[in-house]
Amino acid sequence: MSSITLIGTGNMARTIGTLAVAGGNTVEVMGRDQAKAEDLAKALGGGTTTGKWAAVPAGDIVITALLYDGVVPVVAEYGDALAGKVIVDISNPFNATFDGLAHSEETSVAQEVAKVAPAGASVVKAFNTIFRNVLEKGRPDVFFAGDNAQAKAGVAAFIESLGLRPLDVGGLKMAHWLEGAGLVTMGLAGNGVGHFDFALGVDEFTA
Ligand SMILES: NC(=O)c1ccc[n+]([C@@H]2O[C@H](COP(=O)([O-])OP(=O)(O)OC[C@H]3O[C@@H](n4cnc5c(N)ncnc54)[C@H](OP(=O)(O)O)[C@@H]3O)[C@@H](O)[C@H]2O)c1
């Protein structure tokens with residue numbers, strides 16, 4: 001089982017935290033609003049603790065469950081407190097019309113996080129292609145990307161503990177395309193599928 005810290009106290013922190021506790025993981029919550037962190041920890045139960053904002057997280061895997069424009073500044077603010085940690089960026093940097101990314105270059109929030117993360121930290125992009133409501137009731141494939149094989153193995157084990165299927169899409173530069181896949185899900189929700197109760201997944205046809 002894994003030890004994780006959720007930075008953020010919103011919807012995704014609650015959903016991933018709930019699954020993490022049910023999966024037998026050790027969970028810590030950190031929020032810029034300490035009262036919200038304590039409320040969420042209480043709601044999650046299972047021995048969930050809270051940590052002080054910007055202190056060294058207790059978890060080996062640190063999930064930044066923050067709005068996309070907060071992720072890089074918060075990782076920078078934590079600084080050396082994240083040394084040696086596996087930082088999991090789940091964000092979707094959508095533009096205002098949900099048909100493009102907020103950054104135009106071939107980068108991603110995860111790649112920008114890697115630039116400000118301290119030495120020895122590894123960054124993995126994961127979970128961004130799945131709507132929260134599907135995480136709560138389904139068993140979707142969880143695509144992830146990163147450059148460090150050991151960090152990815154740890155994140156994959158954590159995803160499996162949630163009862164979900166981890167699928168490695170490659171190195172951290174693939175995070176840009178995972179963010180694009182997040183956009184595809186928005187396009188499908190608004191057009192071809194017409195609702196949010198679905199997830200992108202992989203069907204194999206090997207026979
Ligand atoms: N919801 C989904 O279906 C879904 C699916 C996949 C990925 N995601 C991604 O998951 C991330 C979180 O989404 P969410 O639905 O959980 O959002 P949310 O409910 O609005 O929660 C956002 C959290 O981020 C915190 N926050 C925002 N800006 C911050 C900053 N500059 N510094 C510190 N804390 C900050 C908020 O703190 P306060 O409460 O103090 O404001 C709150 O705890 C987003 O990047 C989103 O793109 C969401």
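Student: Which element gives the largest share of the shell around the ligand?
Tutor: Helix 3 does, with three residues. The model is a predicted one.

Student: Which elements give two or more residues to that shell?
Tutor: They are helix 1 (11-22) and helix 3 (68-78).

Student: What makes a residue count as surrounding the ligand?
Tutor: One of its heavy atoms must lie within 4 Å of the ligand. By that rule 22 residues surround the ligand, and the closest are M12, R32, K36, L66 and R132.

Student: How do the residues of the shell divide into nonpolar, polar and charged?
Tutor: Eleven are nonpolar, eight polar and three charged. Glycine may surprise you there, as Gly is counted as polar.

Student: Why is the pair between K36 and the ligand called a polar contact?
Tutor: The cut-off for a pair of N or O atoms is 3.5 Å. An N or O atom in the side chain of K36 is 2.7 Å from an oxygen atom of the ligand, so the pair is within 3.5 Å and counts as a polar contact.

Student: What do the backbone atoms of G10 and N11 add?
Tutor: For G10, a backbone N or O atom lies 3.3 Å from an oxygen atom of the ligand. For N11, a polar backbone atom is 2.9 Å from an oxygen atom of the ligand. Both values are within 3.5 Å, so these pairs are polar contacts too.

Student: How much of the ligand does the protein bury?
Tutor: The ligand taken alone exposes 900 Å², and the protein buries 76% of that.

Student: Where does the ligand sit?
Tutor: In the largest pocket. To say so, more than half of the ligand's atoms must lie within 2 Å of the pocket's grid points.

Student: Turning to the sheet, why are strand 3 and strand 8 called edge strands?
Tutor: The sheet is open, with eight strands in the order 3-2-1-4-5-6-7-8 and mixed pairing. Strand 3 (49-50) and strand 8 (165-168) each pair on one side only.

Student: How do you know that strand 6 and strand 7 pair?
Tutor: Pairing needs at least two bridges. Three bridges join strand 6 (residues 122-126) to strand 7 (residues 141-146), so the two strands pair, and they run antiparallel. A126 stands opposite F144 in strand 7.

Key
Residues numbered from 1 in each chain as written. Predicted model: local features only at pLDDT ≥ 70, side-chain atom pairs only at ≥ 80, totals over all residues. Heavy atoms only, no water. Polar contact = N/O pair within 3.5 Å; in protein donor to acceptor, adjacent residues only side chain to side chain. Areas by Shrake-Rupley, 256 points an atom, 1.4 Å probe, with all protein chains shown as cover. 1 Å grid on protein atoms, 1.4 Å probe; cavity = no way out; pocket = protein on both sides within 12 Å on 5 of 7 lines; lining within 4 Å. Helix = DSSP H or I, 4+ residues; strand = E, 2+ residues; numbered from the N terminus.
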